[in-house]
Amino acid sequence: MSPRSAPKKSLHAPPAGRATAPQPSLAQQVLRTDVAGMPLEWIDYREAVRLYHMGQVAYACGSLLYRLRGGTNAKSGERTIVDVSSIVATTGHSHNPGTLRSDYVPPLNNETLFKRDGYLCLYCGLKFQTPLLSRDHIRPFCRGGEDTWTNVVTACRRCNNAKASRTPEEAGMQLLAVPFTPTYAEYIYLKGRRVLADQMEYLLAHFPRTSPLHSRIRAGHH
Ligand SMILES: [Zn+2]
């Protein structure tokens with residue numbers, strides 16, 4: 001180990017005319033937070049650059065994702081460079097329904113539901129690809145069961161068919177986990193595509209301590 005060989009600062013002082021930053025796919029999403037660090041949303045690099053230019057990035061954390069070259073500064077003649085980090089804290093207008101309302105309920109959709117349950121059928125416990133999964137209403141929809149986070153679980157088609165229009169008790173099937181309504185931070189995580197390790201760590205720190213997602217993520221189901 002030679003701790004002096006690669007000072008971190010060099011990342012932010014590139015030699016002129018050469019980009020040295022790692023360039024992950026431009027599809028990699030940036031996690032946007034408010035100034036207090038509360039997760040807000042996923043944004044793409046264009047939106048991140050726009051926020052940098054608007055002076056709305058209060059500070060950045062996480063790793064350096066992109067080093068992007070902007071236009072030429074009329075006065076100095078130098079090209080502007082924008083370093084985009086994996087997590088940016090922003091000022092200005094922001095809506096975080098999760099902090100405004102304690103009873104916030106994120107919208108329910110299959111994509112986030114399946115991810116909540118780790119792509120496991122909560123009846124047989126097997127893992128499936130998304131096309132083979134379905135949304136099961138614990139108390140059947142046709143019998144007054146609601147289409148809400150706490151009344152739905154991920155089920156494979158086979159189990160869903162076997163259960164049919166019955167409750168788990170009636171069908172003699174046992175749920176392997178208790179369905180829960182994600183908090184705002186959990187929902188941001190569930191909506192993420194290819195969440196980076198540092199983004200994941202950041203979001204995990206904002207989950208309730210009792211969140212079932214902690215153990216599910218540790219178990220590698222996500
Ligand atoms: Zn199943």
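Strands β3 and β4 run antiparallel and are joined by 10 bridges. Within this pairing, R67 stands opposite D83 of β4. The two strands form a hairpin, with six residues between them. In that turn, G77 has a positive phi of about 75°. All of this is read from a predicted model.

**The sheet**

The hairpin belongs to an open sheet of four strands, in the order β2-β1-β4-β3 and with mixed pairing. β2 and β3 stand at the edges with a single partner strand each, so one side of each has no neighbour in the sheet. On average, neighbouring strands are turned by 40° against each other, direction ignored.

At the β2 end, β1 and β2 pair in the antiparallel sense over four bridges. Here L31 has W42 in β2 as its bridge partner. The loop between β1 and β2 holds A36. Is A36 buried or exposed? A36 counts as exposed, because it has 9 C-beta neighbours inside 10 Å and a residue with 12 or fewer falls in that class. A36 also comes within 9.2 Å of T91, C-alpha to C-alpha, although 55 residues separate A36 and T91 in sequence.

**The helix across the sheet**

Helix α1 covers residues 45-53. α1 lies across β1, β2, β3 and β4 and runs at about 105° to β4. Which residues of α1 are buried? They are A48, L51 and Y52. Seen down the helix axis, these buried residues fall within an arc of 105°, so they line one face of α1. The spacing fits a general rule: an α-helix has 3.6 residues a turn, so residues three or four places apart point the same way. The buried residues of α1 pack against β1 (30-34), β2 (39-43), β3 (57-72) and β4 (79-90). After α1 comes G55, with a positive phi near 70°.

**Positive phi outside glycine**

A164 has a positive phi and is not a glycine. R194 is not a glycine either, and its phi is positive too. Where do they sit? A164 is in the loop between α4 (157-163) and α5 (168-171). R194 lies in the loop between α6 (184-191) and α7 (197-204). A164 is exposed, because 9 other C-beta atoms lie within 10 Å. R194 is exposed as well, because its count within 10 Å is 10 other C-beta atoms.

The table sets these two beside the glycines with positive phi described above.

| Residue | Phi | Place |
|---|---|---|
| G55 | near 70° | after α1 |
| G77 | about 75° | turn between β3 and β4 |
| A164 | near 50° | loop between α4 and α5 |
| R194 | about 45° | loop between α6 and α7 |

**Confidence**

How far does the confidence vary along the chain? The protein chain averages a pLDDT of 86, and 84% of the residues score at least 70. Confidence is highest in strand β6 (residues 152-156), at 98. Helix α2 (residues 97-100) has the lowest, at a mean of 60. Over residues 1-21, pLDDT stays under 50. For this stretch the model has 12 contacts beyond four places in sequence. Where pLDDT is low, the predicted coordinates should not be read in detail.

Key
Residues are numbered from 1 along each chain as its sequence is written. This is a predicted model: local features need pLDDT of at least 70, side-chain atom pairs count only at pLDDT 80 or more; totals for chains, interfaces and linings use all residues. A residue is buried if 20 or more other C-beta atoms lie within 10 Å of its own, exposed if 12 or fewer, and partly exposed in between; C-beta atoms are placed from the backbone. The arc is that of the directions from the helix axis to the C-beta atoms. Two residues are in contact if their C-beta atoms, placed from the backbone, lie within 7 Å. pLDDT is the predictor's confidence in each residue, from 0 to 100. Two strands pair if DSSP finds at least two bridges between them. Axes are lines fitted to C-alpha atoms, for helices over the stretch in contact, and angles run from 0 to 180 degrees between N-to-C directions.
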